[in-house]
Amino acid sequence: MFSKGRLGKWIPHFFRCDIARGPKLQIGLVPFPCQLGQSTPERFQSQSCKKYSVLEPKTRTVQGKYIVAFNGYFTAKARCHFISSALRNTEAENWRIVERENPASDYPSDFEVVQIRQDARSRLLTLQDHPYIKRVTPQRKVFRTLKLLSDGSSSCNDTRWVQKWQSWQSSRPLRRTSLSLSSGFWHATGRHSSRRLLRAIPRHVAQILQADVLWQMGHTGSGVKVAVFDTGLSEKHPHFKNVKERTNWTNEKTLDDGLGHGTFVAGVIASMRECQGFAPDSELHIFRVFTNNQVSYTSWFLDAFNYAILKKIDVLNLSIGGPDFMDHPFVDKVWELTANRVIMVSAIGNDGPLYGTLNNPADQMDVIGVGGIDFEDNIARFSSRGMTTWELPGGYGRVKPDIVTYGSGVRGSGMKEGCRSLSGTSVASPVVAGAVTLLASTVLNRELVNPASMKQALIASARRLPGVNMFEQGHGKLDLLRAYQILNSYRPQASLSPSYIDLTECPYMWPYCSQPIYYGGMPTIVNVTILNGMGVTGRIVDKPIWQPYLPQNGDHIDVAVSYSPVLWPWAGYLAVSISVAKKAASWEGIAQGHVMLTVASPAENDSAVGGEMISTVKLPVKVKIVPTPPRSKRVLWDQYHNLRYPPGYFPRDNLRMKNDPLDWNGDHIHTNFRDMYQHLRSMGYFVEVLGSPITCFDASQYGTLLMVDSEEEYFPEEITKLRRDIDNGLSLIIFSDWYNTSVMRKVKFYDENTRQWWMPDTGGANIPALNDLISVWGMAFSDGLYEGDFTMADHDMYYASGCSIARFPEDGVVIAQTLKDQGLEVLKQETAVVDNVPVLGLYQTPSEGGGRIALYGDSNCIDDSHRQKDCFWLLDALLQYTSYGVTPPSLLHSQNKVTPPAGTDKPLPERLEGNHLYRYSKVLEAHLGDPKPRPLPACPHLSWAKPQPLNETAPSNLWKHQKLLSVDIDKVELPNVGAYRPQVRPLSPGESGAWDIPGGIMPGRYNQEVGQTIPMFAFLGAMVVLSFFVVQLTKSRSKPKRRKPRIKRPLYLQQQQQQTPHTGRNPTV
């Protein structure tokens, strides 16, 4: 076997692992050229969209390069031998280890970057068979580019084509991006007031959050190591005095910041002048992981993370993020970081106000995820919203963000000097990171500070914002001083997030509070995070206990609990499923109880073998129960057959959204279909979610099954059961989307650097699978692709990349419209208008008591992601038809009613040849030739907890009742400094870089002396003044009073006195 050396020849593999010779070689590894490609970032400059700017990245897979992760840390020589032995008996003749020249090269590592030639890639899986190799994943290249956005007055995604379809380059969105917006961004808040008091907005965020109170107590971040992973920092920047180390992890030979983003983030954390940071005395460790061309690689992050662990970093700020929570090397390394006591703070994302837009790694349980607010305490419009989508379709998402703070118009350090303003959650993230650094420096026993205890202090002290739900604000607004009080009276313990479940508390507990529960409904799942402040690992002792309060009807609900077998790192999950007992089928009222669980964690400093720390926590539960609604009012949402990115390439439903091409919001009624859900609730419908196959629900309980934008295949057993259910009275509504194999090939992702294509696995919906589902009734969708504006039943409509109905029963009702052939436009850049495109079909099945079926070819009008004109009225009309059999007259007698298409003259859409849907499907599995269905999985079965009733009164206010155990805020006093805000001045030429605040108030050790002296002088001065007035009063009373002759004042003086305003002093004559 041979590999390519520096001279371009392929050299034998056994040279690869020899001890290096020469001054530039690393021990155990022969150097190979590091061929890291560079390119100029793409820029989008639509004239209608160039008012505002935002940093947006793209990711690309580097052809032929793979990250080989090992099960432990090994030397370079050992890693090389492992890879050599794994590939020795294969046909992989052409491979090499890519040299990585960075500060971590001198230390053992747990991964290697390997380049394999194209013809040898089929044998790649043999690497994973080696016992020391954990995983092999593609190397990622990340671009972070400046993108131009529009204001709210004009749409950047209007119906005009502003680009050619051939130029659809690699727009695979962002795995990791800087989450900051420029100062010109419109800071909308999601709430509107017609009249608002305008006031000057303060800019020094550290002082707004009262960091100066802690400064005057002598706490300035001293002794805390904080890492900034960003674009670097200039060596002699005047704002910083304690930069311990600057490291470069890119392929550029510079440590300086060429963009300014990294400098701004570092300034928010640790600037000492002008735009002050929170912790000026902290040790700054600058990690330059992005080039000036705004490019990075996954391997750069992995090496930098390893180095941060070696340097024993305490706090790490990561103002980047992306939707891919299945980037395994990255996610695994974040877990390893926090397991090594690194407190990671990360931005939650700038994809708001849409729900289901959380970014990774901020959405991980062990990371502090930060959202943004403005200076009037409104949630910033750009701040991403929850829930997490990891758990879909079978479970339910977790509460994120963890906390919110100022991220709109915040001032930070400029690239060379001075200050600048930025907005975004990437600004809010260093605000919290700086606060965490400052808080860590206030704790005498640093062993108490870990990722869990710090998060516990932050969320327990947060100030809840009124009128905002938990998926927008998390636990509330950062309160620095309350967090300080909690940390300084903290004892290691476990806690829960959220700390209680109250399905009656609106709006904070939305969406749980938006719909009561009832007997026979799908169990309500609440995903609670367990935070373990006692140690990096822990376990739940025995099983959680369900204790209903009998006086509060707790025996009317059943509870099932599942949980993490191991709490690592620092956290785990507690999934609580709530259902109504049969005896409450016709009962209405409030039921309460609590779940009690005990967490055990190994005692780190316990001399006894096997010693453990124990913490018991309660999770109060409060629900509203109503009698079971009638079948006609119950709608079942099919979540099981919705797929999303990650892991596969599932394209957006609207093909005009080229800059946001992936379907990654979960397609859930509480994420990107939130508005639709709210509308249905306002109309009196009860909406439940099916997270399992169609074979797992009792169709006799529901009026309508709602399928929207389905990408998954169907089990044969599902198809059979659905046909039987509809014959027995269940109705079906399907909102479909585009599907065309030629268009799918056209909109594949192309990386012009690596010549690699990414092919979509389905269209907007999986039309061939849907056609299999409804074929028994003589129905089918086509592969036509249409768009355009039209009017239906006096409502303005927009058809965005939808399909048409190809076949429909002749006794059904079909509505057609005149639309543009978008498929022709995509494929040939030609424009054509097509008349009588069937878009809507209504059908009553012929069986006695049978259900009804409604088909519509586009889901964008009910999807929040890129909805331009909603069609909720149409959904209401379809539900009236399916639930009650009432055909809307406006549709039945529509002028656009046409003869149902027979569809026998054209073939139906076929599945894309060579697609890889089986890799991500819950239904398909790989098979020789075409994939085939897996065996039908068993329906989920909940094991209901045995209740242990309590004959006592439940607490009335669950929120105020909850607090961290053993924490008494009142015991930790703060100095009475009022609203003091130190004013700073810029650095003068030739002036030293020491901390400088005029007025003699300086943080640090000197500040303690000044803080103790000022009250003494103030007291003595007040006593002197008081003594003077007492003496003067005594003298005036001791003198005998003598009458003085009254002097008549001149008339002009009397008039002048009457005209002069009273000033508080007696005028003299």
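Student: How many aromatic pairs are there, and what makes two rings a pair?

Tutor: Rings of Phe, Tyr and Trp (its six-membered ring) pair if their centres lie within 6.5 Å, with planes under 30 degrees apart called stacked, over 60 edge-to-face and the rest tilted, and by this rule the count comes to 28 aromatic pairs. This is a predicted model, in which local features need pLDDT of at least 70 and side-chain atom pairs pLDDT 80 or more, while totals for chains, interfaces and linings use all residues. Residues are numbered from 1 along each chain as its sequence is written, and side-chain values use heavy atoms, leaving out hydrogens and water.

Student: Why is the pair of Y799 and Y856 called edge-to-face?

Tutor: The centres of Y799 and Y856 lie 5.7 Å apart with 90° between the planes, and because planes over 60 degrees apart count as edge-to-face, the pair takes that name.

Student: How do you know whether Y799 and Y856 are buried or exposed?

Tutor: Buried means under 20% relative accessible area, exposed over 50% and partly exposed in between, with a 1.4 Å probe and protein chains only; Y799 has 0% and Y856 has 1%, so both count as buried.

Student: What makes R464 a charge over the ring of Y508?

Tutor: The rule asks for NZ of Lys or CZ of Arg within 6 Å of the ring centre and within 35 degrees of the ring normal; R464 lies over the face of Y508 at 3.6 Å from the ring centre, and K922 lies over the face of Y640 at 4.8 Å, so both distances satisfy the 6 Å limit.
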